[in-house]
Amino acid sequence: MKKKWFTLLATLTMVAALGTSVSAAPVVPSADSVTAVSSASPSDAPAKDQATSAAAVDQSEQDAQKVVTKYLTAMHEKNFSDAVSLVKDSRYLSEEKQIQKYEEYSNRTDFDKIEVVGAQKESNSSVAVTIKEDGEKKDLKVIKDGEEWKLVLGDSNPATVKALNPSEFSTNAAVDYYRLSGVQYGTVLIGGDAFSVGSSHSATIKGWQDTGYSDVKAVNRYEIVQDVWNGWKEWSVPQKVSGNSAENDSSSWYSKSFDGIPAGSGYHIRITGLTTPDGYGASGAGNVYVN
């Protein structure tokens, strides 16, 4: 028994001696541990900044999506005054006309079937919101107007304003009739008379165009577009007409047909001037025929 206690005492004495020796040695941090500590601290700041920035972007995108959703709901429920308050629409000259057109759009559009499927921030005051309508995706522009987000509709083209506000302008246009005067290269005109397409799903235009110069051909592109809730929808393959024809000689007039147009209303002729060289323009007129 005494021998066991002696052995235990000797062992404890050795451990104590070794412990004193180890604790007395200076502890120097390794290079790896210094690097790890110094690199960990500054990395926290960018992470926080990125999280804050991501949160801000998400909020902008969420606000923009909410505006589009509210607009679609208002149009579906025919709350046109609410719809008007959610947009900046450059197409109409008065709120009365705007509400009238919104009512037309609601009667031929299934707004409850349009989905908001995404958003992408473009700047601090602009977000592109993606919608899906009839299986087709399209981006809508939403901007911050003061403290509110607004859906932007319209293309700011004077031709669009003139076409959709025919009663506000002095014109001699008859039903399904269009006229152009001195249209130069790049100029876009839209016929002020809306027309409907029936079960034939087609329309034909017939008319004349002329530059007034025998050595300069009138060149224009004609197409059929539809006035829909978020702008112009192109339904036809554009037809290019090149050459002069005389107003008083119908045998020289052009005739172009457009097929595959859905039965419906709100269709217009869009004309783009392509006459060259610069400085020369084409004048003309024509009629639209539908079955």
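Let me start with a single pair of residues, Ala-128 and Lys-141, where Lys-141 in β4 is the bridge partner of Ala-128. That pair belongs to a longer run, since β3 and β4 are antiparallel and are joined by eight bridges. I should say at once that what we are looking at is a predicted model.

Stepping back from that pair of strands, β3 and β4 sit within an open sheet of five strands, in the order β1-β5-β4-β3-β2, and the pairing in this sheet is mixed. At its edges stand β1, residues 87–89, and β2, residues 115–123, and because each of them has a single partner strand, one side of each is left without a neighbour in the sheet. From one strand to the next, the twist in this sheet averages 35°.

There is also an open sheet of four strands, and here the order is β6-β15-β9-β13, with antiparallel pairing. Its edge strands are β6, at 177–183, and β13, at 254–259, each of which pairs on one side only. Neighbouring strands in this sheet are turned against each other by 20° on average, if direction is ignored. Within it, β9, residues 202–210, pairs with β15, residues 282–290, in the antiparallel sense and over eight bridges, and one of the residue pairs to look for there is Trp-208 with its bridge partner in β15, Ala-285.

Turning now to the nonpolar cores, the largest has 32 residues, and the members that touch the most others are Val-68, Tyr-71, Met-75, Tyr-102, Phe-111, Leu-151 and Trp-229. Several elements supply at least two residues each to this core, including the strands β3, β4 and β5 and the helices α3, α4 and α5, while α2 gives the most, with seven residues.

Trp-229 deserves a closer look, and if we leave aside residues up to four places away in sequence, its contacts include Tyr-71, Leu-72, Tyr-105, Phe-111, Ile-131, Leu-140 and Leu-153, together with Arg-91 and Glu-133. Apart from this core lies another, of 17 residues, among them Leu-180, Ile-205, Val-241 and Ile-271.

Let me finish with the protein as a whole, which has five helices and 15 strands. Of its 291 residues, 34% count as buried, and its accessible surface comes to about 17100 Å², with 52% of that belonging to carbon and sulfur atoms. As for the contacts with a separation of 6 or more, residues 24 or more positions apart account for 70% of them.

Definitions and conventions
Residues are numbered from 1 along each chain as its sequence is written. This is a predicted model: local features need pLDDT of at least 70, side-chain atom pairs count only at pLDDT 80 or more; totals for chains, interfaces and linings use all residues. Side-chain values use heavy atoms; hydrogens and water are left out. Two strands pair if DSSP finds at least two bridges between them. Axes are lines fitted to C-alpha atoms, for helices over the stretch in contact, and angles run from 0 to 180 degrees between N-to-C directions. A nonpolar core is a set of buried Ala, Val, Leu, Ile, Met, Phe, Trp, Tyr and Cys residues joined through side-chain atoms within 4.5 Å. Buried means under 20% relative accessible area, exposed over 50%, partly exposed in between (1.4 Å probe, protein chains only). Contact means heavy atoms within 4.5 Å. Accessible areas come from the Shrake-Rupley method with a 1.4 Å probe; for residues, only the protein chains shown count as cover.
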